[in-house]
Structure formats: structure tokens, C-alpha cells
Number of protein chains: 2
Amino acid sequence: MITSFHPPQRTLMGPGPSDVNPRILEAMSRPTIGHLDPLFVQMMDEMKSLLQYAFQTKNELTIPVSAPGSAGMETCFVNLVEAGDTVIICQNGVFGARMKENVERCGATAIMVEDDWGRACDPAKLEAALKANPAATTVAFVHAETSTGATTDVKAMCDLAHAHGCLTIVDAVTSLGGTELRVDAWGVDAIYSGTQKCLSCTPGLSPVSFSEASVERIKNRKTKVQSWFLDLNLVMGYWGKGAKRAYHHTAPVNALYALHESLVMLQDEGLENAWARHAKHHNALKAGLEALGLTFVVPEDERLPQLNAVTIPEGVDDAEVRGILLNDYNLEIGAGLGVMGGNVWRIGLMGYACRKDNVLKCVSALDEALNRVGAPVSQGKAVAAALASYNNS
Amino acid sequence: MITSFHPPQRTLMGPGPSDVNPRILEAMSRPTIGHLDPLFVQMMDEMKSLLQYAFQTKNELTIPVSAPGSAGMETCFVNLVEAGDTVIICQNGVFGARMKENVERCGATAIMVEDDWGRACDPAKLEAALKANPAATTVAFVHAETSTGATTDVKAMCDLAHAHGCLTIVDAVTSLGGTELRVDAWGVDAIYSGTQKCLSCTPGLSPVSFSEASVERIKNRKTKVQSWFLDLNLVMGYWGKGAKRAYHHTAPVNALYALHESLVMLQDEGLENAWARHAKHHNALKAGLEALGLTFVVPEDERLPQLNAVTIPEGVDDAEVRGILLNDYNLEIGAGLGVMGGNVWRIGLMGYACRKDNVLKCVSALDEALNRVGAPVSQGKAVAAALASYNNS
């Protein structure tokens, strides 16, 4: 017989899911009510306002997709792209490749603009691609590459796309709530994120937002959206304005309670304060990691505070160190993805996980683990460096 | 400022979500761990065994899709159907129409076999359609129509489909855990369900299972699955056998805790016992509803125990009665869907909601509500009839 599953209490400092605030877990366990209950519909309206604040947008179509971030990505592509379209994708990590898969599965052509993994997307390369591909209708790129920890200048990219008549699709899975993001001011047309990163919520939902220009395109498609589940023309009937909500699919009621609670907490903290918190703890973590002799993959001015990719020292076994952290410290950090597998660790500082005690725990645990596998010892200098960063900030 | 959302404690006797056992809500709020954590992977293996038991199948590819039942439906269609295919859909309610949408969005042709709403699908009509459409590759139908409460003879339908070389896709959203369902013995090739019905779990996941013949077809497709998120060739890399799990998307960790717990409870109760429980409480509810003068939409031998669709008496306002139940009794029952809107109530008896106290509450609350809107009074006869059913069973 199989019995109940009782997970351990981990400290989640990988690329996500990140630590979930107990307050959010408690909200998730409140009594389930119907997805068409008038009180639930009121909660949905609040959710839209809270998401508009988090995204810094007035977009009416700002909702959580009832599935993880990958489905949020697919929502953007299948609604905005039709067969025969040309889409320019600027790739600087794993998730650009997933965008290409999405575009091709829509029957469209993906023009790939390649940047080095670990660097920002280069607007000059995008501009050249736009000039070379006047038929392009859409530009897509990742704001915060979860595979490398690099950030891209969203406004510069969107300005170029618009100058060439393209709409923009932006991946903000790892940035929402953790680092500056301004959908309206930056001219983003479609954006998707995840709940399990800097919102400190459980995984499973994908907040999205669409500009008026995007909604116009969706309403005027020549063909039906290939996914019934993700067709925004239908989803809008459930999430739209007014008391009359049309049943589309059964909303994940309790997961939405959790997201609502996490967004209330973000509102209460203040978005700018949340961004500043991520920056502060990143600086301390950086000081500690550098004192351990670890080097960052991404140049400082293109680096995300919430996703710290560092190179694994020569001769150190990736899995062995992560195993020590997990088994002896209940601490999860992330492995490298794609070509970076085995060479890089990804240390997340996201949402509720982005705290002083976590930074100090991570630095001291890594110090000991590296020591045990034969790497040079910092003799406490690493934790001291992190503490000094706090004292100076 | 928006504050935390505190839902009321409702009694959910609509078409789903149904009442969630507090034990499942508690499981959902356990600490989040990583979706590649070795302990989480162990839990996934248990989940597969538990789902195999619930579906009565040995199918290796038996997993929960990380999204609601509609996405489970789409998973079946986009993986098994390719552009140019012909699919026979037997429709006897709302969800057959959704199947048609799915088929057409795959670029395939849907041959519709229409049955009356409120009746089972007729195998003779399917046989005629199979003979008339030798190019058909797939037959799809609903086991338990949530819009009407009718059940269909799955084995008879699957036998016919196989005799004509077709694979079968079966909607078991409302049947899994509530009424007899035997995937292997009945010859189902692809099946999807939901968590929020007779499993008494929170909404948001869709258990699915695929036969070997289905998996062969999926592996040998001429074209890529149009959905990246739902592509089982990729999903199998995460849910497949062995220690090495490939990252596909971030699993909804806490929702999976809840499903695991609900399946442990089903295992502990025993599947046949769960089916018998649904039948017993249905009989009592039926006795009560009939004593109120309400008539069932579906003939007795085609009726589901867990979804009771009854005709609203002449002159009674649908919304007014449901409003009284919700506001005065915290009791949710379902409105009619599609052409049955305004004419029918759908009273669910699913999973944890399928209890004696709920049956008696529902019958007595309906009695009072009907009385208040001017319908004939049962003078306590309805509750007495339900109680008599229990005493005789």
C-alpha cells in the first residue's frame, strides 16, 4: 500500500520553484468553492488588478493561464502567430530554443538571431534581422534567461520591433516581481511569467498580459487558434469584464487562491521594494561566492540579481556537491541547463527565498561542500564577505 | 488596497469542483520541493501506480497532465490525430462539441454521430459511421457526460472501433473514481479525466492514460505534435521510467501532492467500494428528488450516480432557486449547460461530496427553496423518502 507523501522542508535556491511563503501555502488550502461562484468571480477581478500592478500595465487582458509557464509561452505564440508568418527570435539561452519550437509548431518560420549564452540579446543584431526580414510580424525574446542569469534591455528591443511594425512577445518567467519590469512603459505586446519564481508562489500558473494591439490581432486572425484550451478568444469569455462569465474550463481554484495571496504580499511590500530586496541580497551572495573563488557566467551589467550562474571550479564534481547540499543541508541549488550542464551552478534568490538567512546558509554550505570535495577552503572568509556586504548596504 | 481572500465553506454539489476532503487540502499545503528532487521523483512513481489502479490499467504512460481536464482532452487529440485524419465523434452532450473543436483544430475531419442529449451513445450508430467512413483512424466519445448525466457502454463502443481498425479516445472526466471504469478490460486507447470530480481533489490536473497502440502511434507520427506543452514525446522524458528525468516543464508540485493524497484515499477505500458508495447515495438522492416531483433527464439504465440532471418544474426560476441554495445554505448545485441552460439542474454527488449528510441537506434545502418560489410543498416527504432509501439499502 502507498501512504501519504510528506516532503522534507527544503531551502529552494535553484532556478525555481523557489521557497514558498507559508502564508501562501495556507491560502492554497482554504476551502474550494465553485469556479463560477460570485465570490470567486470577485476574487478573479482582484487578481487582474494585482497582476496589472505586478506587470506595470493597464492591459485589460491580464490574467493567469491555468497551467505552468511553458503553457503561458505557448499561449502567446499560438494566439499571435499564424501559419505562414515570420517571427524573429533572439536567442541567448535555452528558452529561445523553446520559442523556436513554438513558432514552428504554429506552421510559421522562425528567424533565429543568436547571441552568446550568458550575454544579453544585442539590439543591433535584432535591427539587422528586422531589416533583412521585412515580412516579420513578431519579435520574441527572453527578458531574464533562467538558463544563464542574463537580462536583456526590453525597451530597446521593443522600440526596434515597433519601428519595423512588429509586435513583441517577452518571456518574463524569472523577472516578474524580482527585477524591474514595466510592460506599458517598455512597449511589450505579449508577456508571460510563472508563479514559482520571484512571486514565491507554488508552480502551476502562468500570468500573462496582452496589449490592445495584441488583442486586435487575436480578434482578427484568419484561422482559429490551434489550441482550444489556450484560445484567448474563448478564455476572455471567462476572465472578461462583467457579471456574466462564460464557462470555458474549470479554473484551478486553490492554485488561484495561492497566486492571489502572493500578489497581495507583493502589493503590500511594494514592487520597487521587492526589486531592491533582490538587488541587496544578490550583492551579498555575490560577495560570498566570489570569496569562494567562483566566477559569474554573466558580465556584471547584464546580470540578474535573482538567478546567479557561476562556473563550477575545475575538477569539482557537479552532482557530488549538489548532493552534499541537498542531503546534509536540505538546500537545493540548480544544475546547468543545455550546453551548461555539468559546468555551471544556478543559484536562485527568488521571492521568499531571497533572504539574509538563505544567503548566509548557501555561502557557508557551499564553502563546506567545496572543502569536502577537495577544493580550496575559504576559512570563513566567504560568509564574512557576505556579511560585510550587508553591513555596507 | 486588496486584502487576502477568504472563501466561505460551501457544500459543492454541482458538476464539479466537488467538495475537497480537508485531508487533501492539508496535503496540498505541505512544503514545496523541487520538481527534480529525488524524493519528488519517488512520489511521481507512486502517483503512476495509484493512477493505474484508479484507471484499472497496466498502461505505462499513465500520468497527470499539468493542467485541467480540457487540457487532458487536448493532450489526447493533438497527440493521436494528425492533419488530414478522419475522426468519428459520438456526441450526446456538450463535451462532444468540444471534441469536434479539438479535431478540427488539428486539421483533421470530424464525422459527427449525434445522439439525443440525455441518452447514452448508441453503438449501432457508431457501427454505421465506421462502415461509412473506412478512412477513420480514431473514435472518440464521452463515458460520463457531465452536461446530462448519461453514461455510455465503453466496451461496446471500443470493440466496434477496434473491429474497424480505429483507436479510441474516451472522456472520463466525471466517471473516474465514481462509477465502474476499466481501461484495459474495455479496450480504451486514450483516456482523460479531471481531479475535481469523483477524486474529490482540487481542480487543475488531468489524469490521462495511453495504451501501447496509442504510444506506438504517437512515436510514429509524420508531423510534430502541434502543442509543445502537451507533446507526450517530450512529457514522457519527464514522467518516464528510470532515475534520469529530463526537464520539460515545471510540474505543479503542490497540486500533485493533493492528487497523490486523493489517490491514496481512493486506494484505501477500494475502487469497488467507492463505486458502491456513489450508487448508494445516488439512490437516496433520487428518492428524495422524485418525492419533490422532480424528474430525471436520463432514463434509469443510462444514468450516472454522480451527476443527477433533473428538469426544473414549469414556472420555477432557475437562478432564483440556485440563489436561495447558495446564499441561505452555502449549497452549490449546477445550472444546465448549452441547450439545457435554464431547464435543468445538475446535482453532483462526487467523491467527498457523496455523503449522507449532503444528500439530506440537498433534499431539504431544495424542498424549502421550491416552497419559497411557489412550487408544491413536499411536507417533509422528500427527506423521509431519502432516509427510507438508506434504511432499505
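Author: A residue is buried if 20 or more other C-beta atoms lie within 10 Å of its own. Keep that cut-off in mind. The model is predicted.

Reader: Which residues of α14(B) are buried?

Author: Ala382(B), Val383(B) and Ala386(B) are the buried residues of α14(B).

Reader: How are those buried residues placed around the axis of α14(B)?

Author: General idea first. An α-helix has 3.6 residues a turn, so residues three or four places apart point the same way. Now the case here. Viewed down the axis of α14(B), the buried residues fall within an arc of 100 degrees, so they line one face of the helix. They pack against α11 (271–291) and α13 (356–372) of chain B. The face turned away from the buried side of α14(B) carries the exposed residues Asn391(B) and Asn392(B).

Reader: What should the 12 residues of α14(B) span?

Author: Count 1.5 Å a residue, and the 12 residues of α14 (residues 381–392) of chain B should span 16 Å. The end C-alpha atoms of α14(B) are 16 Å apart, which agrees.

Reader: Take a helix in chain A. What do the buried residues of α9(A) pack against?

Author: Start with the names: Leu232(A), Val235(A) and Trp239(A) are the buried residues of α9(A). Seen down the axis of α9(A), they fall within an arc of 55 degrees, so they line one face of the helix. Their packing partners in chain A are α2 (38–55), β2 (61–65), α3 (69–80) and α8 (212–219).

Reader: Where is Gly240(A) found?

Author: Gly240(A) sits in the loop between α9 (232–239) and α10 (253–269) of chain A.

Reader: Why does Gly240(A) count as partly exposed?

Author: A residue is exposed with 12 or fewer neighbours, and partly exposed between that and the buried cut-off. Gly240(A) has 14 C-beta neighbours inside 10 Å, so Gly240(A) counts as partly exposed. Sequence separation is another thing to check. Gly240(A) and Lys48(A) are 192 residues apart in sequence, yet 9.9 Å apart in space, C-alpha to C-alpha.

Reader: Step back to the whole chain. How many helices and strands has chain A?

Author: Chain A has 14 helices and 13 strands. Of its 393 residues, 57% count as buried. Take the contacts with a separation of 6 or more: residues 24 or more positions apart account for 73% of them in chain A.

Reader: What radius of gyration would a compact globule with 393 residues have?

Author: The rule puts that radius near 21 Å; chain A has 21 Å, which agrees. Along the principal axes, the C-alpha atoms of chain A fill a box of roughly 65 × 55 × 50 Å.

Reader: Now both copies. What turn and shift lay chain B on chain A?

Author: The general idea: two copies of a chain are related by a rotation about an axis and a shift along it. Here, a turn of 180 degrees and a shift of 0.0 Å along the axis lay chain B on chain A, with an RMSD of 0.0 Å. The two copies are thus related as by a two-fold rotation axis. In chain B, the C-alpha nearest the axis belongs to Ala67(B), 2.5 Å from it. The same surface serves both copies: 100% of the contact residues of chain B recur in chain A.

Reader: How many residues does the contact take from each chain?

Author: The contact takes 66 residues from chain B and 66 residues from chain A. On the chain B side, the elements giving two or more residues are α1 (22–28), α2 (38–55), α3 (69–80), α4 (94–105) and α10 (253–269). The largest share, 8 residues, comes from α10(B).

Reader: How do the residues of that side of chain B divide into nonpolar, polar and charged?

Author: The side of chain B that touches chain A has 28 nonpolar, 26 polar and 12 charged residues.

Key: Residues numbered from 1 in each chain as written. Chains lettered and ligands numbered in written order. Predicted model: local features only at pLDDT ≥ 70, side-chain atom pairs only at ≥ 80, totals over all residues. Least-squares fit on C-alpha atoms with pLDDT ≥ 70 in both. Contact = placed C-beta atoms within 7 Å. Helix = DSSP H or I, 4+ residues; strand = E, 2+ residues; numbered from the N terminus. Nonpolar A, V, L, I, M, F, W, Y, C, P; charged D, E, K, R; others polar. Expected span 1.5 Å × (residues − 1). Arc of directions from axis to C-beta. Rg over C-alpha atoms; globule rule 2.2 N^0.38 Å.
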